[in-house]
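Work through the exercises below with the structure open. Each task is followed by a solution in steps.

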Amino acid sequence: MSAQRIRKVAVLGSGVMGSGIAAHVANAGIPVLMLDLDKKFVDNAMANLRKQKPAPLFSLAALPLIETGTFDKDLSRISECDWVVEVVKEDLKIKQGLFAKVEPLLKPDAIISSNTSGMSIKGMTEGRSKSFKQRFLVTHFFNPVRYMKLLELVPGEETDPAVWKRLAEFGERTLGKGIVYGKDTTNFIANRIGTYGMMRTLQRMMAEGLTIEEVDKICGPALGRPKSAVFRTADLVGLDTLFHVTKNCYDSLTQDDERDTFKPPEFLNQMVAKGMLGDKTQGGFYKKDKKGDGEKEILALDLNTLTYRPQNKVRYESLGAIREIESLTERISTFLSHTDKAAKFAEVVTLETLAYASRHLTEIADDYVNVDRALRWGFAWDIGPFETWDAIGVKKGLERMKALGIRPAAWVEEMVQKGRDRFYVTEGTHDTYWDVRSKSPAKVPVGSRNISIDLLKRGNTKVAGNDSASLWDMGQGALLLEFHSKMNSIDDQITELMEIAVDKAEREFKALVIGNDGQNFSVGANIGALMMAVGSGEWELVKNMVRRFQNANQRLRYSAIPVVTAPFGMTLGGGAEVTMAGNAIQANAETYMGLVEVGVGLIPGGSGNLQLMRNVFGAAAGSKDFDALPYLKKLFLTIGTAKVATSAEEAREAGFLLAQDGISMSRDALLADAKARALGMADAGFMPPRPTTFLLPGKSGAATIDMLLYDMQLNHQISEHDRHIGKKLASVLTGGDTSAQTPVTEQQLLDLELEAFLSLCGEEKTQARIMYMLEKGKPLRN
């Protein structure tokens, strides 16, 4: 089997999953051939890809990479493809018939896979040749494909190891997925354990007389699960999908000791029969509605009558006790230590799920690391079943199971008897798990391209730090600046460490990387702290804070060593300014980037206007033949409407990223990729860029933009105050009091930006808006 690259992919089926897989392969820049029975199916799929929310594509610019056709006319074209993935109806005969047609058309080294959510490989490949079976495996994506990290790979008995290794590398490196290895058993790992947990919860709630909103409150973040918990998750996935998965378990797992748990309850049968399928039918366990006054509300389903009613407030002492606890381990432990109805319910359904996972571990996977990853990446749990058990305490969990009559696997008790009282143990710089087969510790596998802050901490590589940021030695001459303030918001301590980082990197390192392992790169500047200084009239302090942040960003830009920023998730306001200040960007594909200051009545103040102008104008910034106005309009609309790019590719289109900046599909590999880019720049003989000089239209350009604002105000699209903010922004972008023949320096633009920012800070309406958002607990993204 050759290790040929996967250069073209065929997707057989254009439904929700088929089109989602095709879109994500196109996101990675790989050409796709998407086929289905009828042209109207693929046409409908392509139309949906354009308008679907959340968007399956990083950018509509990727759409031309997807070619379409029908099985009758175009199936022979799969001979062009290196990987063919089947995503048709979950019907064994249909799949077998399609594979019979596909086999003679495949390239000799092409991989063939099925996206089935639980059908057996042996059944699907019945009648196929040895060569086909050697190249066949299950590639189970989760919906929505772009956003769900999990990709379960399930090889058959005859699958060539080189095949699944080749596809694992492609899935991880090219598609950015987290790979979990399962066995050829019903519903594999995530759906087997996740569905058991959901169905056991449904059974218990009916016995306990709990409502769906109570269960979702109990089984959500309180237990390290997503806010969608049980019933909201079912609505998102689709009740027809849940019904199919659980019925498949019930029908197939005839020897399962808890088979009846998977039997769909009568209310689920009725809901599916009535078409109450969740979000796809505008009503499932929850339904959006309007009150008499027109205000929106979300109604909950009464499972006894299958009618909707207003939701009731959920109040339990145990839930109130954990409201302010940030540590997940402490939160779970505290919650389950209570004795009210909510805590007792949570304890039972949690321990039953953990025990079930332990008893069926060796049936579905080689180790529990794969089980934990499957539930984290496929069901959006913060921690998997065995990590949850560690949070409770392995011995304590066993004791409570015994008291409640719940049966764990014997291997767990054996592990404890051998002196190991945790599933995961840190040993030096790595974690170990208990290998059930060898009955001994084994190293938790980590990708070769993965660099994490946790790993750097274990290696004792800290160089400097304060309460909001730290410097870490990444090795090989790379220094990392990590933010770790609340929501990674930019404050004075981060600005201070930005200055220290450049000084130290220039003296002792080859390159500087700016990144972190938080939920988001940075939601912006800590505008609340800034407004406290404004409120006390400390204007010189405010001015110095903003100027210092501007200077720190410019220091990054013109450092003697290359600076690479590594944004991901929300990268807003000040976070976007830090990102653009570097010499290069290595962004995660899921980067949501924007200068959003107008949302709090301000404009960018930390050099964001200058940086975006520099990116958008490029080499033409100082050209006398360059008409700046069309570009200024684009800049104005991007900043003035607080546009947030919803992917790194969209950020590139908006000008936040340049054509030469990199995108990492894998979040886990982002810091490693940024480090490689930074060291590559250093080794290639990095030289700092020259400052940009602009030719801008000045007041005439600002007047042109104000005409646009005036029309928007007349049409009630913006308020008078919005127009006022817009005029301040326009004055900065057009160079203030200048003319198209007079060069404008970067420092002049920074001075204009600072002046406008401080002016808006002092206005009552801006202060009132910020105070209102602070009182409501809304995030201030600046």
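A residue is called buried under 20% relative accessible area, exposed over 50% and partly exposed in between, with a 1.4 Å probe and protein chains only. The model is predicted, so local features need pLDDT of at least 70 and side-chain atom pairs count only at pLDDT 80 or more, while totals for chains, interfaces and linings use all residues. Residues are numbered from 1 along each chain as its sequence is written, and side-chain values use heavy atoms, with hydrogens and water left out.

**Exercise 1. Salt bridges**

Task: find the partner of Glu 90 in a salt bridge, and classify both residues by burial.

Solution. Step 1: a salt bridge needs a side-chain nitrogen of Lys or Arg within 4 Å of a carboxyl oxygen of Asp or Glu. Step 2: Glu 90 pairs with Lys 95, with 3.0 Å between the closest N and O atoms. Step 3: Lys 95 has 0% relative accessibility and therefore counts as buried, whereas Glu 90, at 28%, counts as partly exposed. The whole count comes to 46 salt bridges.

**Exercise 2. Bridges between helices**

Task: state which helices are linked by the salt bridge of Glu 363 and Arg 192, and which by that of Arg 400 and Glu 347.

Solution. Step 1: helices (H or I, at least four residues) and strands (E, at least two) are DSSP runs, numbered from the N terminus. Step 2: Glu 363 and Arg 192 meet at 3.0 Å, N to O. Glu 363 belongs to helix α16 (residues 361-364) and Arg 192 to helix α8 (residues 190-208), 171 residues apart. Step 3: Arg 400 and Glu 347 meet at 2.7 Å, N to O. Here Arg 400 is in helix α19 (residues 394-404) and Glu 347 in helix α15, 53 residues apart. Step 4: Arg 192 is buried at 1% relative accessibility, and Glu 347 is buried at 10%. Glu 363, at 30%, is partly exposed, and so is Arg 400, at 29%.

**Exercise 3. A charge without a bridge**

Task: describe the surroundings of Arg 225.

Solution. Step 1: Arg 225 is in the loop between α9 (212-218) and α10 (231-237). Step 2: Arg 225 is buried but has no salt bridge, and the nearest side chain of opposite charge, Asp 382, is 8.2 Å away. For charge, Lys and Arg count as positive and Asp and Glu as negative; His and the chain ends are not counted. Step 3: contact means heavy atoms within 4.5 Å. Beyond residues up to four places away in sequence, Arg 225 touches Cys 219, Gly 220, Thr 350, Ala 380, Trp 381 and Asp 382. Step 4: a charge sits over a ring if NZ of Lys or CZ of Arg is within 6 Å of the ring centre and within 35 degrees of the ring normal. Arg 225 lies over the face of Trp 381, 3.7 Å from the ring centre.

**Exercise 4. Aromatic pairs**

Task: explain what the pair of Phe 262 and Tyr 356 ties together.

Solution. Step 1: rings of Phe, Tyr and Trp (its six-membered ring) pair if their centres lie within 6.5 Å; planes under 30 degrees apart count as stacked, over 60 as edge-to-face and the rest as tilted. Step 2: the whole structure has 28 aromatic pairs. Phe 262 and Tyr 356 form an edge-to-face one, 6.2 Å centre to centre with 65° between the planes. Step 3: Phe 262 is in the loop between α11 (239-252) and α12 (266-273) and Tyr 356 in helix α15, so the pair ties together parts 94 residues apart in sequence. Both Phe 262 and Tyr 356 are buried.
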